[in-house]
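Open your viewer, get comfortable and keep the selection tool at hand. We will walk from place to place, and at each stop you will know what to pick and what to look for.

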Amino acid sequence: MRRMDIYIDTANLDEIRQAASLGVLDGVTTNPSLVSKEGNVQFHDHLRAICELVPGPVSAEVVATDHDQMVTEAEQLAQIADNIVIKVPCTVDGLRACKSLSDQGIRTNMTLCFQPMQALFVAKAGAFLVSPFVGRVDDISGDGMELISQIRQIYDNYGFSTKILSASIRHPTHVVQSAMLGADVATIPFKVIGQLMNHPLTDIGLERFLADWKKVH
Ligand code: G3P
C-alpha cells in the first residue's frame, strides 16, 4: 500500500513549526539557497534544530561537487541526527557518491533531477529519494508532471523502492497532479501548504451554516 508523504521545503524554523502543528507533516527538505535565506546561521546547529522539530526525514545538501569531498561532507552531516538524509545533485560524481553512501547505509535524496535516466541511475545506485524539479521544468516550457509520470512508470516496471519526491512545487495544482500520478512525496513551500485547505465555497458555506444556526438559537 503506497502512501503520500508531505514535506515542507524550507529552512525556516517558524514555518516548520507552523506546518508541523497541522499534524500532517512527514519531513523537511532544505537546500543551500533556502539555508542562505536564514542569514548567517551555523549550518549544523540549524539542521539539528530542524531535526528536533520534525522526527521524519530532513534533507541536508552537500556543497562539494567531487565524489570524495561529497562523501566526507555527507558523513559529517549524517552525524547530526538519525533523521538526516543527504541531498546530492544528480551529476556523475553525485551518482557515485549516492552508491558510496547507500553502501554505508546513509540515506540520500538525489536532487536537481530533470530527466528520467538520472532517476533510473540513482535508483540503481540505491537512492532513498529522487527529487524531480517540476516547477523548474515548467519554467522553461517543459512538462514537469510528464517527468513524474515517466519516473513512476520506470520505477514500477522494475520494482525500484526509491521514493519519488515531487520538488520545486509552485502551486496547489502541482500537489494534486503529483498525488494523482503516484509521487511518494511532495515537498511544498510554506505558502502553498497554506493554500491546500482553502476553498471559497467552504468559507461561504460555513458562514451560511452559522448564520442559519444563529437565527433560531
Ligand atoms: O526542493 C527543491 C526546491 O527547493 C527547488 O524549488 O522553487 O527553487 O525551484 P525552486
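This tour goes through strands, a ligand, some rings and a few loop residues, and the model you are looking at is predicted.

**Stop 1: strand S3 and its partners**

Select residues 58-61, which form strand S3. Are the residues on its two faces buried or exposed? Val 58 and Ala 60 sit on one side, Ser 59 and Glu 61 sit on the other, and all of them are buried.

Now add residues 27-29, strand S2, to your selection. S2 and S3 pair in the parallel sense, with two bridges between them. To see how they line up, click on Thr 29: it stands opposite Ser 59 in S3.

Next, add residues 84-89, which make up strand S4. S4 also pairs with S3 in the parallel sense, this time over four bridges. Label Val 58 and look for its bridge partner in S4, Ile 84. How does the chain get from S3 to S4? Follow it through helix H4, residues 67-78, and you will trace a right-handed β-α-β crossover.

**Stop 2: the ligand**

Select the ligand and show the residues around it: Asp 9, Asn 31, Lys 87, Phe 133, Arg 136, Ala 167, Ser 168, Arg 170 and Thr 187. Three of these side chains are good places to try your distance tool.

- Asn 31: an N or O atom of its side chain is 3.0 Å from an oxygen atom of the ligand.
- Arg 136: here the distance between a side-chain N or O atom and a ligand oxygen is 2.6 Å.
- Ser 168: a ligand oxygen lies 2.7 Å from an N or O atom in this side chain.

How much of the ligand does the protein cover? Taken alone, the ligand exposes 310 Å², and the protein buries 81% of that.

Stay with Ser 168 for a moment. You will find it in the loop between strand S7 and helix H9, residues 172-181. With a relative accessibility of 9%, Ser 168 counts as buried. Its backbone is worth a look too: Ser 168 has a positive phi of about 60°, although it is not a glycine. As a rule, most residues other than glycine have a negative phi.

**Stop 3: aromatic rings**

How many aromatic pairs turn up in a search of the whole structure? There are three. Select Phe 114 and Phe 133: their ring centres are 5.7 Å apart and their planes meet at 65°, so this pair is edge-to-face.

Phe 114 is in the loop between strand S5 (108-113) and helix H6 (116-124), while Phe 133 is in the loop between strand S6 (129-132) and helix H7 (134-139). The pair therefore ties together parts that are 19 residues apart in sequence. Switch on the surface and compare the two residues. Phe 114 is partly exposed at 35% relative accessibility, whereas Phe 133 is buried at 6%. Phe 133 may ring a bell, as it is one of the residues around the ligand.

For another group of rings, select Tyr 155, Tyr 158 and Phe 160, which ring pairs link into a cluster.

**Stop 4: strand S6 and its neighbours**

Go to strand S6 and show its side chains. Leu 129 and Ser 131 point one way, Val 130 and Pro 132 point the other way, and all are buried. On one pairing, three bridges join S6 to S5, and the two run parallel. Cys 113 has Pro 132 as its bridge partner in S6. Between S5 and S6 the chain passes through H6, and this β-α-β crossover is right-handed.

S6 also pairs with strand S7, residues 163-166, in the parallel sense over two bridges. Look for Leu 129 and its bridge partner in S7, Lys 163.

**Stop 5: three loop residues**

Select Thr 10, in the loop between strand S1 (5-9) and helix H1 (13-20). Thr 10 is buried, with a relative accessible area of 5%, and its side chain makes a polar contact of 2.8 Å with the side chain of Glu 15.

Then move to Ser 141, in the loop between H7 and H8. Ser 141 is exposed at 71%, and it has a positive phi of about 65° although it is not a glycine.

Finish at Ser 161, in the loop between helix H8 (144-158) and S7. Ser 161 is exposed, with a relative accessible area of 70%.

Note on methods: Residues numbered from 1 in each chain as written. Predicted model: local features only at pLDDT ≥ 70, side-chain atom pairs only at ≥ 80, totals over all residues. Heavy atoms only, no water. Buried < 20%, exposed > 50% of the residue type's maximum accessible area, 1.4 Å probe, protein only. Pairing = 2+ DSSP bridges. Right-handed = clockwise from strand over helix to strand, strands pointing away. Near = heavy atom within 4 Å. Polar contact = N/O pair within 3.5 Å; in protein donor to acceptor, adjacent residues only side chain to side chain. Areas by Shrake-Rupley, 256 points an atom, 1.4 Å probe, with all protein chains shown as cover. Phe/Tyr/Trp six-rings, centres within 6.5 Å; stacked < 30°, edge-to-face > 60°.
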